[in-house]
Amino acid sequence: MTRAASSPPATDPLLEWRQEFPSLEHTLHFASHTLGAMPRGVGEALARYAEAWRTRGIRAWEEGWFALPTRLGNHVASILGAPAGTVSMHENVTIAQAVALSAVDFRPPRDRLVCGAEDFPSMLYLYEGLARRGARIVRVPARDGRAMSEDDLIAAIDERTAVAAFSMVLFRTAQVLDVARIAARARAVGALTLVDAYQAVGTVPVEAAAWGVDLLTGGSVKWLCGGPGAGYLYASPAVAPRLEPAITGWMAHARPFDFDSGPTVRDAGARRFWTGTPGIPSYVAATPGYELVDRIGVAAIREKSLRQTARLAALADEAGFRVGSPRAPERRGGTVVLDLPHADQVCAGLLAQDVLLDFRPGVGLRLAPHFYTRDDELDEVMRRVAAAARELGR
């Protein structure tokens, strides 16, 4: 599919950034909730990485590689509304949360981890594994429509809770939870908060420090347009110094190149949460997307996202599709979920036509515009979805 580019409308200044994403000229990209479009700068950055490896060899570590994870973490901190030096980079969110949770002693009477039934499965699997270390997992059930209630989570958080772990934006429905309210409850009873903000960062404003969050994780694959292999962990300056992760490595040492055999002397900053040798190529690839989002500003992205997701929901109503995402703007993340017959087949057929979206069992199609989406593409993608649904319904 090839479509002629149209001039950015005067009312949408964010479209000036569209030129940074070449793939948008031959796809309808509504999958930023699962894999953001690749910035053109990624190829150039990876080429420079390969050239440095080829020509500089081991010297590349002190000429930029070793400093890269800290520099990238500071980009994330800026996006999260957090101070520099509070974000460590990891392979993915699962590893980031595992490192953080390895610093928690789940001992009675404070041996509970409270989570939500609609958290991402990778997190729930990780929490299940903590039962082997004595953790008692309290999984708060969802209400009708897979909705999570802050009241239910708060009721489950008490003096027996070591960690309250929950998603800021639910991956199935894009429901936004009130992080500050839940964090306040956890703080009042002496529990840590661990927020999975993967489906928020880059499209919904996050204020980790202002909300009183202790720990927060996310990654690059989605709204940050950074590709796989780059997750991150924010640790509040008030909490970080007293956390001693059991999952650790030589890069967490204050002086890793002393090759000290122990005991561990942890770095005083974010590097205390590092493990082994960092995945430099993934961090190189993630950098252009982070820089773009940081320059544009999440507030501007959110304003456009709310307008475009509202339009998608209205188009779905016209087509007779049930919308599974929240209608209230303050409750809706960057994704619109459509429950329609044969949704898995509709998804497969559209992917074959370069219409990028995805399907999740139990909820249906997920569509996500981003700052680079044109308004006319909203109508086009819904026309394609409706046509595919009609064809399969015959």
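**Notebook: salt bridges, a helix pair and two buried residues**

I began with helix α11 of this predicted model, where the side chains of arginine 383 and glutamate 380 form a salt bridge with an N to O distance of 2.9 Å. I noted that the two residues stand 3 apart in α11 (residues 375-393), so about one helical turn separates them. For arginine 383 I read a relative accessible area of 47%, which makes this residue partly exposed.

**Entry: salt bridges across the chain**

I then asked how many salt bridges the model holds by this rule. The count comes to 26 salt bridges.

I looked up the pair aspartate 12 and arginine 307, whose side chains meet in a salt bridge at 3.9 Å, N to O. I recorded that aspartate 12 belongs to the segment before β1 (28-29) and arginine 307 to helix α9 (residues 298-319), so this salt bridge ties together parts 295 residues apart in sequence. Is each partner buried or partly exposed? Aspartate 12 has 4% relative accessibility and is buried, whereas arginine 307, at 38%, is partly exposed. I also found that this pair belongs to a network of salt bridges that links Asp12, Lys304, Arg307 and Asp375.

I next examined arginine 272 and glutamate 244, which form a salt bridge with their closest N and O atoms 3.3 Å apart. Both residues lie in the loop between β8 (231-235) and α8 (280-296), and the pair links parts of the chain 28 residues apart. I noted arginine 272 as buried, at 6% relative accessibility, and glutamate 244 as partly exposed, at 45%.

**Entry: helices α4 and α5**

I turned to the packing of helix α4 (residues 93-101) with helix α5 (residues 121-129), and I read an angle of about 30° and an axis separation of 10 Å. Angles under 35 degrees count as roughly parallel, and α4 is therefore roughly parallel to α5. The crossing of these two helices is right-handed.

Which residues of α4 and α5 meet? I listed Val93, Thr94, Gln97, Ala98 and Leu101 from α4, which meet Ser122, Met123, Leu126 and Tyr127 from α5. By class, I found 6 nonpolar and 3 polar residues in this contact, with no charged residues.

**Entry: leucine 14**

I located leucine 14 in the segment before β1. With a relative accessible area of 10%, leucine 14 is buried. What does leucine 14 contact beyond its neighbours within four places in sequence? I recorded Ile296, Ala300, Ile301, Lys304 and Phe371. Of these contacts, Lys304 also appears in the salt-bridge network noted above. I further checked the C-alpha atoms of leucine 14 and alanine 310, which are 296 residues apart along the chain, and found a separation of 18 Å.

**Entry: glutamine 308**

I placed glutamine 308 in helix α9. The relative accessible area of glutamine 308 is 0%, so I entered this residue as buried. Setting aside residues up to four places away in sequence, I found that glutamine 308 touches Pro369, His370, Thr373, Arg374, Asp375 and Leu378. Among them, Asp375 is a member of the network with Asp12, Lys304 and Arg307.

Notes. Residues are numbered from 1 along each chain as its sequence is written. This is a predicted model: local features need pLDDT of at least 70, side-chain atom pairs count only at pLDDT 80 or more; totals for chains, interfaces and linings use all residues. Side-chain values use heavy atoms; hydrogens and water are left out. Axes are lines fitted to C-alpha atoms, for helices over the stretch in contact, and angles run from 0 to 180 degrees between N-to-C directions. Helices (H or I, at least four residues) and strands (E, at least two) are DSSP runs, numbered from the N terminus. Angles under 35 degrees count as roughly parallel, over 145 as roughly antiparallel, 65 to 115 as roughly perpendicular and the rest as oblique. A crossing is left-handed if the near helix is turned anticlockwise from the far one by less than a right angle, and right-handed if clockwise. Contact means heavy atoms within 4.5 Å. Ala, Val, Leu, Ile, Met, Phe, Trp, Tyr, Cys and Pro count as nonpolar, Asp, Glu, Lys and Arg as charged, and the others, Gly among them, as polar. A salt bridge is a side-chain nitrogen of Lys or Arg within 4 Å of a carboxyl oxygen of Asp or Glu. Buried means under 20% relative accessible area, exposed over 50%, partly exposed in between (1.4 Å probe, protein chains only).
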